[in-house]
Amino acid sequence: MIALSIKKIISLFLATIAILLLNSCDYLNIDSYFSDEFKQDSIFSQKRYVEAYMWGAAELFPDEGQIFSTSTQSTPGPLATDEAFTMFNIASDGSYGGMRFVQGMINAESPGPFFNTTWNTSYKVIRKCNTILTRIDEVPGLGTTDRMNIIGMTRFLRAYAYYRIIVDYGPPILLYDEIVENNAGLEYYDKSRSTYDEAIEYICSEFEEAAKYMPTTLPILNFGRPTKGAAYALVARLRLMHASPLFNGGQAARSYFGNWTRKSDGAFYVSQTQDEKRWAIAAAACKRVMEMSDGGNPLYKLYTVERDEFTPPLPPNVPADDFPNGAGGIDPYHSYADMFDGECVASINPEFIWAYKSSSLGSYMRGAFPADRGGWGGLAVTQKMVDAFYMADGTTIQESDLYTETGFMDKQQVFSNYQLNAGVSNMYANREVRFYANIGFSGCYWPALSATDAGNSKFTVTYDYSSSSGKSNPNVGGVNFTPTGYVIKKYIHPMDAWQGVNARRMDKVFPIIRYAEILLSYAEALNNLTQSHTIDTDGQSQTYSRDMQAIAQAFNQVRFRAGLPGIKGTETPEEMQALIEKERMIEFLYENRRYYDVRRWGIYEESEGTPITGMNVDASDEGYFQRVVPNTSRIGSRVVNKKMIFLPISRTEIRRLPSFDQNPGW
C-alpha cells in the first residue's frame, strides 16, 4: 500500500507539472525538467558530473554544417540567398528550410525547423548554463583552475546561444543569470525583448568574460571545441554587424526598423542614430584577433600550401613576393580548395579559428554529386555567383580581354592537379582558382578516385538537356538536376564517390569562423571611418582611422592567397566597399555568410530581388550556353520582402506573452 501511494503521488506530481509546461512559454524550454532537477544534487556533487552537464548543454546545439536540409536545420543558409538554388522537394517536413523560407512557406503560424532548433534550443542551453553558474560553488573540492575552466566554457555557451538567436531572430529576451521558475503566474513570464543594442552589448560582454577563462589553444583530440580566439572572433563578427548600415542608424535602419518600437517603453528596437565609432570598435575587435600569438608566433593566419612543379606560373600583374606580401611560394588552388574538401588536417589549420567536423555537411554533398553517379545533382549555384568570380589576372569578366562566351577550349589544361578538359566552354577558361575549387560546370571533370570500377570514376559531367546528368535523363529523377547548370563542388574531394567499388568520402569540416573573415572585416571596418577614433581594448588604447595601407595589408592577403593582384591603394570608400562586398561573396560561397552580409549592408532587397539565372538546361549542345531564368514556377514564387530580414517568432509564443513584440512585418 505504501508503494502504491508513492506511485500515485508521483503520477499526480508529473501530471501537474505537465499541465504547467503546456501552459508555459517556449523560451522556458523545460522539457528535460525532471531529468535535470531530480539529478541536480548529484550533478553538483562532483566535478565530472558538472562537466558532463555542461557538455550536455553544448550538445544541444545542432551540427554547424546543417545549412541545407534537416529537421534540425537552425538557419536558412545558402539556399535562402542569391548564391544557391535547388529543385529538391520542399515538403512540410522541414526539408530544405532555406528554400521554404524564400518560397513564403515559413511564417509565424508555421515557423519551420528554425524556431525550435534556434530559439527553443538556445533557451534550453541558457537555462542549463544559468544553473551551472548559480550553483558552481556547491561542488566540493573544486580547484580554482577547474572552476575557471567550467565558468569560461559555460559563459561562452550562454553567449553563443544568445548569438544564435540575435542573428536570425533579432533581439532576444535577456534572462541574465535568472533560472526561470516553472510554476509561477503568467505575469512572471511576460517579459519584453531587449533592444538590439542592449543584446549586442550583453552578448559581447559575455564572450569577453568567457575569454578570460578559456584556453588559447587546444589538444588535437579536442578539435571542435571553442577557444579564446573563437570568443574574440565572434565579438568581432557581432561588432561588425552592429556597425553595419542596417543596425546603425542611417537610411537602411530607418527603412527597415523606423517604426519598430518596444510597446513597454517606446524604445526603438534598432537604433535610429548613426554612430561611426562602432566601426572603430569593430576594427579593434578584429585587430585583437589578428594580434593573438602563441609562443611569439601569430596564432592565426591564412592556410597555404607550398607551390610545387604542378603549380602554374602567376599572371604578370600578381606580385611574386613570398606570401603574404605576394602570391609567391604558394599553390593558390590547393591553399583554398584543401580547406574545404577534407584534404587539409583541420585540427592544425591556422585559419580555422573555430571549425567543426560535420557529418551533415559531408552527407549533403551528395546533393551536388552527379545524379547518374549515385548523387542527386541538384544543389545548384546561380549564374550571378558564377559571373562574380574574377579572371586569373584579377579582372572581371566584363573588363577582361581573356573572357569570351563563344567557342570551346581546344586542348586540355592541368594545373595544381586540377584537370580542365578540352571542349569546355571558353566561359570557364582562364578563371581564378576559387572558381575551379567551388563550381561544378558543364564539361567539368570529376575524379571520384575512391571508386575503382570503370564508369564510376574519372568521368566528365555535362548538364545540357539530353546529357546523362541533364534534365531529360530518367535516371536523374524529377528533381535531381541542376536548374542553373552549376553545382557546388567546394566540399567535394577528388577521392569522393557515391557509388562503385570502394566508393567512400573524406570527412568534412565546417568552418564556423575563419581568419579570412577577420581580415576582410578589419578592412571593411577601417574603410567606413571618416575620422579617427581611440578605442580601449583590454586596457590598451589604439587609434583607428581609414588607413589605406592597413586596409590593403589585410585585404590583399585574401587576394594573394587566391593568386590574384591586390588593390591599388587609391580606391575611394565606395569603391573599396564594393570590392569588399564582392570579395566576401566569392570567398565565403556556401559558408552561410552571404545571408547575413546582404542584410547588414542594407542591400537585401536590391541583391535578392535580382532574378535567379543560369544556363539553359532545357536546351542541348550550344543552345545550352545562354543565360536564362530557369523554367520553373519556383523562380517566380521566390519572395523578397523587408520582413524577411529576421525570421518570424512563433505565433504561439506571441500569444502567451502580452508584452512581447513580434518581428516587424510578421
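This is a walk through one predicted model, beginning at a single helix and moving outward to charged pairs and backbone details.

Let's start with helix H8, which covers residues 196–213. Its 18 residues reach 27 Å from the first C-alpha to the last, close to the 26 Å expected at 1.5 Å a residue. Several of its side chains are hidden from solvent: Tyr196, Ala199, Ile200, Tyr202, Ile203, Cys204, Glu206, Phe207, Ala210 and Ala211 are buried. And what do the buried residues of H8 pack against? Their partners are helix H6 (144–169) and helix H9 (228–243).

One of those buried residues deserves a second look. Cysteine 204 counts as buried because its relative accessibility is 1%. The structure holds zero disulfides, and cysteine 204 is accordingly in none, with the nearest cysteine sulfur, that of cysteine 286, 11 Å away. Seen from the other end, the sulfur of cysteine 286 has cysteine 204 as its closest cysteine partner, but the 11 Å between them is too far for a bond. Cysteine 286 is itself buried, at a relative accessible area of 0%.

Now step back along the chain to the loop between helix H7 (186–189) and H8, where you will find arginine 193. This arginine is buried yet has no salt bridge. Where is the nearest side chain of opposite charge? It belongs to aspartate 661, 7.0 Å away. Since a salt bridge requires the nitrogen and oxygen to be within 4 Å, the 7.0 Å to aspartate 661 does not qualify. Arginine 193 does have a polar partner, though: its side chain and that of asparagine 663 are joined by a polar contact of 2.9 Å.

A little earlier, in the loop between H6 and H7, sits asparagine 182. It is classed as buried because its relative accessible area is 8%. Asparagine 182 and aspartate 197 are 15 residues apart in sequence, and their C-alpha atoms are 29 Å apart in space.

For a pair with a long sequence separation, turn to glycine 485, in the loop between strand S10 (459–461) and strand S11 (487–488). Glycine 485 and phenylalanine 625 are separated by 140 residues in sequence and by 9.2 Å in space, C-alpha to C-alpha. Glycine 485 is buried, with a relative accessible area of 0%. Which residues surround it, leaving aside neighbours within four places in sequence? Glycine 485 is in contact with Gly440, Phe441, Ser442, Tyr463, Val617 and Tyr624.

Charged pairs come next. The count comes to 41 salt bridges, and one of them joins the side chains of arginine 651 and glutamate 109, at 3.1 Å from N to O. This pair links distant parts of the chain, 542 residues apart: arginine 651 is in helix H22 (residues 651–656), while glutamate 109 is in the loop between helix H4 (97–102) and helix H5 (112–135). Arginine 651 is partly exposed, with a relative accessible area of 26%.

Two other salt bridges make useful companions. Arginine 135 pairs with glutamate 138, and their closest N and O atoms are 2.8 Å apart. Here arginine 135 is buried at 16%, whereas glutamate 138 is partly exposed at 42%. In the second, arginine 600 pairs with aspartate 597, with the closest N and O atoms 3.0 Å apart. Why are these two separated by about one helical turn? Because arginine 600 and aspartate 597 are three residues apart in helix H19 (residues 594–600). An α-helix has 3.6 residues a turn, so residues three or four places apart point the same way. Aspartate 597 is buried, with a relative accessible area of 3%, and arginine 600 is buried too, at 2%. Elsewhere, salt bridges that share partners join Glu351, Glu432, Arg434, Lys490, Arg514, Arg559, Arg561, Glu583, Glu587 and Glu591 into one network.

Finally, look at the backbone. A cis peptide bond, with omega about 15°, joins phenylalanine 323 and proline 324. Proline 324 is in the loop between strand S3 (297–298) and helix H12 (332–341). In another loop, between strand S6 (413–415) and strand S7 (418–420), you will meet serine 416. Serine 416 has a positive phi of about 50° although it is not a glycine. Asparagine 417 lies in the loop between S6 and S7 as well, and it also has a positive phi, of about 65°, without being a glycine. Are these residues buried or exposed? Serine 416 is buried, with a relative accessible area of 2%, whereas asparagine 417 counts as exposed at 55%.

Notes
Residues numbered from 1 in each chain as written. Predicted model: local features only at pLDDT ≥ 70, side-chain atom pairs only at ≥ 80, totals over all residues. Heavy atoms only, no water. Helix = DSSP H or I, 4+ residues; strand = E, 2+ residues; numbered from the N terminus. Expected span 1.5 Å × (residues − 1). Buried < 20%, exposed > 50% of the residue type's maximum accessible area, 1.4 Å probe, protein only. Contact = heavy atoms within 4.5 Å. Lys, Arg positive; Asp, Glu negative; His and termini not counted. Polar contact = N/O pair within 3.5 Å; in protein donor to acceptor, adjacent residues only side chain to side chain. Disulfide = S-S within 2.5 Å.
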